[in-house]
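Please look at the sequence and the structure below before reading on. The report then goes through a few parts of the chain in turn.

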Amino acid sequence: MPTPERFGRPDAESLDRQDDLAPLRDAFILPEGIVYLDGNSLGPLPRRAVERLRTVAENEWGRGLIRSWNDHGWIDLPRRVAAALAPLLGASADEVAVADSTSVNLFKLLAGATRLRSGRRAILSERDNFPTDLYVAEGLAGTLGGIELRLVERDEIPDALDETVAVLTLTHVDFRTGALHDMETLTAAAHEARALVLWDLAHSAGAVPLALDAWGVDLAVGCGYKYLNGGPGAPAFAFVGRHLHQTFETPLQGWMGHAAPFAFESRYRPASGVDRLLCGTPPILSLAALECGIETVARAGIDSLRRKSVALTELFIRLVEEECGGHELHLASPAAAARRGSQVSYHHPEAFAIVQALIARGVIGDFREPDILRFGFAPAYLRFVDAWDAVTALRAVLESREWERPEFRLRAKVT
Ligand SMILES: Cc1ncc(COP(=O)(O)O)c(C=O)c1O
């Protein structure tokens with residue numbers, strides 16, 4: 001039998017030439033010589049955001065001053081951004097709010113969920129959930145009293161859904177491994193137990209197709225700065241399914257979530273639907289940048305993005321297998337594309353130093369405790385040659401053992 005040809009850079013270039021999404025790369029500012037595999041942590045700068053931020057700062061803020069709340073529609077910006085985002089979530093515009101951070105939105109929604117299921121004492125989650133999700137739930141349980149955070153292993157979740165569970169809270173795409181939960185099945189299982197479900201979509205929104213309405217999801221949150229490319233510290237989003245709009249209450253009753261903020265009433269009256277989740281004054285500069293990021297991703301269409309994301313991660317896994325065998329790299333992500341988000345992770349005992357050595361070569365991924373090399377494949381701007389170049393750099397780092405250099409062992413505050 002003829003041996004299959006080894007995949008080379010020209011093959012990757014050929015895939016890029018056939019890629020319908022290739023022109024979208026130009027919508028982002030990406031530094032020369034960098035392979036950016038960290039868009040699952042911080043998306044790059046959308047080209048149009050530069051102009052938009054300048055206009056908002058110089059014209060709307062600088063010249064318009066406070067008049068811009070009306071004249072430039074600042075007051076409606078959170079609603080406009082939520083409406084642009086909703087289709088990417090498989091939700092209606094009036095079920096999505098854009099405000100605060102994911103952590104703060106988790107607090108609001110978890111508190112609202114426990115109120116809707118008063119009499120039940122548990123917030124159920126998995127032990128490996130993203131830490132902020134666990135910290136917020138723990139803090140809320142302590143504040144409320146009579147509520148406990150119950151943690152189980154991933155495969156124990158269905159059996160742990162009993163009559164004491166008020167809300168099941170999970171992250172759809174595992175931040176370490178990229179493993180996808182079956183959102184539809186787990187949502188149905190929680191509902192069977194009369195529990196509510198809150199999904200963290202931080203690593204899903206803008207990368208994985210979602211159908212929150214069709215799957216009957218109650219509540220969800222997610223980040224604006226990852227695959228939505230909203231910029232560092234971009235506002236987050238919160239989703240409340242329409243079936244809860246009449247009964248859902250937020251514990252953070254701020255004036256921007258009031259039915260009539262400028263009536264300055266002394267009693268709180270919630271705005272209708274999800275708009276009550278707004279709390280304080282919206283961050284206009286950040287919202288303007290996020291709007292550009294969302295529009296840029298939405299233009300591609302989530303199904304095309306997912307197709308390309310799968311092709312990129314499949315190629316990367318294949319190339320690591322072919323090029324980096326025998327170097328103690330063990331795939332931490334599910335091998336089946338259908339069970340994986342838009343990232344590929346590996347275990348390696350020297351993961352931290354290897355990631356630093358890769359960054360020094362211009363391949364930016366990240367390290368996650370305890371031993372994970374994590375590579376995000378944001379399909380809006382990555383090329384197939386990026387996957388090839390990253391694996392070439394990884395092989396060079398492993399073969400030369402350059403990760404042993406002392407400078408690659410120094411840990412900065414942010415990893
Ligand atoms: C799954 C998940 N949830 C929440 C967060 C934190 O969100 P925020 O910083 O907006 O509170 C992150 C950050 O990386 C995350 O990965």
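In this predicted model, Ser-125 of strand S5 has Leu-151 in strand S6 as its bridge partner. The two strands, S5 and S6 (residues 148-152), pair in the parallel sense, and five bridges join them. Between them the chain passes through H6, and this β-α-β crossover from S5 to S6 is right-handed.

S5 also pairs with strand S7 (residues 165-171), again in the parallel sense, here over three bridges. Within this pairing, Ile-123 stands opposite Val-167 of S7.

Is S5 (residues 122-126) mostly covered or mostly open? Five of its five residues are buried, so the strand is mostly covered by the cut-off of 20 or more other C-beta atoms within 10 Å. The side chains of S5 point two ways: Ala-122, Leu-124 and Glu-126 go one way, while Ile-123 and Ser-125 go the other way. The residues of both groups are buried.

**The shell around the ligand**

Helix H6 (131-144) also has a part in the surroundings of the ligand: H5 and H6 each supply at least two residues of the shell. The shell consists of 13 residues, and those that come nearest to the ligand are Ser-101, Thr-102, Ser-103, Phe-130 and Ala-202. Sorted by class, the shell has five nonpolar, six polar and two charged residues.

**Backbone features in loops**

Which residues other than glycine have a positive phi? Asp-100, with phi near 55°, is one of them, and Asn-229, with phi near 60°, is another. The table puts the two side by side.

| Residue | Phi | Loop | C-beta neighbours inside 10 Å |
|---|---|---|---|
| Asp-100 | near 55° | between strand S4 (96-98) and helix H5 (102-116) | 24 |
| Asn-229 | near 60° | between strand S9 (219-222) and strand S10 (237-240) | 29 |

Asp-100 counts as buried because it has 24 C-beta neighbours inside 10 Å, and the cut-off is 20 or more. Asn-229 counts as buried because it has 29 such neighbours.

Another backbone feature concerns a proline. The peptide bond that leads from Glu-369 to Pro-370 is cis, and its omega is near 0°. Pro-370 belongs to the loop that lies between strand S14 (366-368) and strand S15 (372-376).

**The sheet with S14 and S15**

The strands on either side of that loop, S14 and S15, run antiparallel and are joined by three bridges. In this pairing, Asp-366 has Arg-374 of S15 opposite it. Both strands belong to an open sheet of four strands, with the order S11-S12-S15-S14 and antiparallel pairing. Why is one side of S11 and of S14 left without a neighbour in the sheet? Strand S11 (330-331) and S14 stand at the edges, and each has a single partner strand, so one side of each has no neighbour there.

**A proline in a helix**

Pro-158 is placed in helix H7 (residues 157-160). Is Pro-158 buried or partly exposed? Pro-158 is partly exposed, because 14 other C-beta atoms lie within 10 Å, and a buried residue needs 20 or more. Along the chain, Pro-158 and Leu-186 are 28 residues apart. In space, their C-alpha atoms are separated by 7.2 Å.

Definitions and conventions. Residues are numbered from 1 along each chain as its sequence is written. This is a predicted model: local features need pLDDT of at least 70, side-chain atom pairs count only at pLDDT 80 or more; totals for chains, interfaces and linings use all residues. A residue is buried if 20 or more other C-beta atoms lie within 10 Å of its own, exposed if 12 or fewer, and partly exposed in between; C-beta atoms are placed from the backbone. A residue is near a molecule or strand if its C-beta atom, placed from the backbone, lies within 6 Å of it. Ala, Val, Leu, Ile, Met, Phe, Trp, Tyr, Cys and Pro count as nonpolar, Asp, Glu, Lys and Arg as charged, and the others, Gly among them, as polar. Two strands pair if DSSP finds at least two bridges between them. A crossover is right-handed if, with the strands pointing away from the viewer, the path from the first strand over the helix to the second runs clockwise.
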